[in-house]
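Please take a moment with the sequence and the model shown here before reading on. The paragraphs that follow go from charged pairs to the surface, then to a buried position and to some unusual backbone angles.

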Amino acid sequence: DDVQRLGVHESVSAVFPPDRLEAALSELDAEVELVGDDPDRAAACDGLVTFAHRDYFVGAVEWIHTIQAGYDRFPLDTFEREGVSLTNSTGIHGDSVGETVTGYMLALARRLHTFIENQHERAWDRPEWDEPFTIAGESLCVVGLGTLGRGIAERADALGMNVSGVKRTPEPVPGVEHVYANDDLHDAIAGAKFVALTVPLTEETRDLVGEPELAAMADDAYLINVARGGVVDQDALVDALERDEIAGAALDVFEQEPLPDESPLWDMDEVIVTPHAAAATRDYFREIAELVRENVGRIERGEALHNRVV
Ligand code: NDP
Ligand code: 7N6
């Protein structure tokens, strides 16, 4: 079963120009074609690289590769039933998201978010003496210790933080002093200055952080969410922030994206809002090309797919 025709769905333009990926795949034997949002052209392909899901993919294409690590928008049961293989892009976001989350922590501790805001008002406002702190010696709990979690943990460890973490199957992870099982989530997050969420959105992780978890966190702690908006009960988070039950948050993902104009999160001093850009990098299309080339090769050699979801 060769891949003779490989489609690049126009929805990848949410992350990079489609023709960059097309060019990066040009050495494949397969014919690589930019398909618009056109069911007939998709159906002419053996595999399709995409950002969005479309119902017409099912029954039309045998192999779908999503350019995201998250696959919560794809109907996995339908894919399974209809014999569509799905591969994802986990494994490529450790550096980008690791750097972004390190940046959030440094900004909040060193007050950079406030200084940048003040700069635009030409305001020379020094912080209160007891506002700034250093992240060295502070604690971080990373909930989810896959590609994202490890990328964050490694960097935090290198900066002198005390790193703990949570995963379904606890096992030693580089840079992480204590790995908790998910049953011990409350214990894990209770003592941490920063709690970073990096789990996939699944039935198990929806609203993983709600009112009880926010109450379990210290009142001077910060919540960081680079996973998916649905992992946090966003109303409970807004309440906790308004009542100073936690110190602040850095959020890249939201229950609704773009974050609606009326959300109180936009205006909170101790909240950093980023537009689902924690993983963005100009090299994104190259990483995707590498994953796609790997799987085209595997299909040609009759081997199991890399990063197979279903
Ligand atoms: P991985 O599959 O590499 O890692 C997921 C981790 O989460 C694993 O350690 C896994 O545990 C853990 N986990 C899964 N379910 C649970 C649970 N119920 N309780 C505790 N831990 C759990 O994924 P990635 O790191 O590549 O990506 C993670 C998610 O981050 C993606 O699904 C996506 O939604 C989001 N993401 C967001 C980005 C952004 O731009 N903001 C960029 C990339 C990803 P175990 O090891 O035990 O299986
Ligand atoms: C693209 C975001 C993922 O799940 O949401 C992220 O991989 C990707 C910049």
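A salt bridge is here a side-chain nitrogen of Lys or Arg within 4 Å of a carboxyl oxygen of Asp or Glu. The structure is a predicted model, and a search through the whole of it finds 17 salt bridges. Side chains of opposite charge can pair when their charged atoms come close.

A good place to begin is the pair formed by Asp72 and Arg228, whose closest N and O atoms are 3.1 Å apart. Asp72 lies in the loop between E4 and helix H3 (76-82), while Arg228 lies in the loop between strand E10 (222-225) and helix H9 (234-242), so this salt bridge ties together parts of the chain that are 156 residues apart in sequence. With a relative accessibility of 32%, Asp72 counts as partly exposed, whereas Arg228, at 15%, counts as buried.

Glu131 and Arg111 form another salt bridge, and here the closest N and O atoms are 3.3 Å apart. Because Glu131 sits in the loop between helix H5 (112-119) and strand E6 (139-143) and Arg111 in the loop between helix H4 (94-110) and H5, the pair ties together parts that are 20 residues apart in sequence. Glu131 is partly exposed, its relative accessible area being 31%, while Arg111 counts as buried at 6% relative accessibility.

A further salt bridge joins Arg298 to Glu294, with 2.5 Å between the closest N and O atoms. Both residues belong to helix H10 (residues 284-300), and because they are 4 residues apart there, about one helical turn separates them. Glu294 has a relative accessible area of 32% and is therefore partly exposed. Elsewhere, Arg5, Glu31, Glu33 and Arg41 are joined into one network by salt bridges that share partners.

The surface also carries charges that gather in a patch: Asp1, Asp2, Asp29, Glu62 and Glu300 together make a patch of negative charge. Among these residues, Glu62 is found in the loop between strand E3 (47-50) and strand E4 (63-66), and with a relative accessible area of 53% Glu62 is exposed.

A nonpolar patch of about 250 Å² is also present on the surface, made by Leu112, Phe115 and Ile116. Phe115, one of its members, has its place in helix H5 and counts as partly exposed at 33% relative accessibility. Phe115 leads on to Pro127, since, when residues up to four places away in sequence are not counted, Pro127 touches Phe115 and Pro132. Pro127 is in the loop between H5 and E6, and its relative accessibility of 26% makes Pro127 partly exposed. Seen across the model, the C-alpha atoms of Pro127 and Pro212 are separated by 32 Å, with the two residues 85 places apart along the chain.

Which residues does Ser164 touch, if residues up to four places away in sequence are not counted? Ser164 has its place in strand E7 (residues 162-167), and its contacts are Leu140, Cys141, Val142, Val176, His178, Tyr180 and Ala188. Is Ser164 buried or exposed? Since buried means under 20% relative accessible area, Ser164 counts as buried with its 13% relative accessibility.

The last part of the tour concerns the backbone. Most residues other than glycine have a negative phi, and most peptide bonds are trans. In this model, however, the peptide bond from Glu257 to Pro258 is cis, with omega near -5 degrees, and Pro258 has its place in the loop between strand E11 (248-251) and strand E12 (271-273). Asp244 has a positive phi, near 55 degrees, in a residue other than glycine. The loop between H9 and E11 holds Asp244, which is exposed, with a relative accessible area of 57%. A positive phi, of about 45 degrees, is also found at His276, although His276 is not a glycine. His276 lies in the loop between E12 and H10 and, at 33% relative accessibility, counts as partly exposed.

Key: Residues numbered from 1 in each chain as written. Chains lettered and ligands numbered in written order. Predicted model: local features only at pLDDT ≥ 70, side-chain atom pairs only at ≥ 80, totals over all residues. Heavy atoms only, no water. Helix = DSSP H or I, 4+ residues; strand = E, 2+ residues; numbered from the N terminus. Buried < 20%, exposed > 50% of the residue type's maximum accessible area, 1.4 Å probe, protein only. Contact = heavy atoms within 4.5 Å. Patch = residues over 30% accessible without salt bridge, like charges linked within 9 Å, V, L, I, M, F, W, Y side chains within 5 Å. Areas by Shrake-Rupley, 256 points an atom, 1.4 Å probe, with all protein chains shown as cover. Lys, Arg positive; Asp, Glu negative; His and termini not counted. Charge placed at Lys NZ, Arg CZ, Asp CG, Glu CD.
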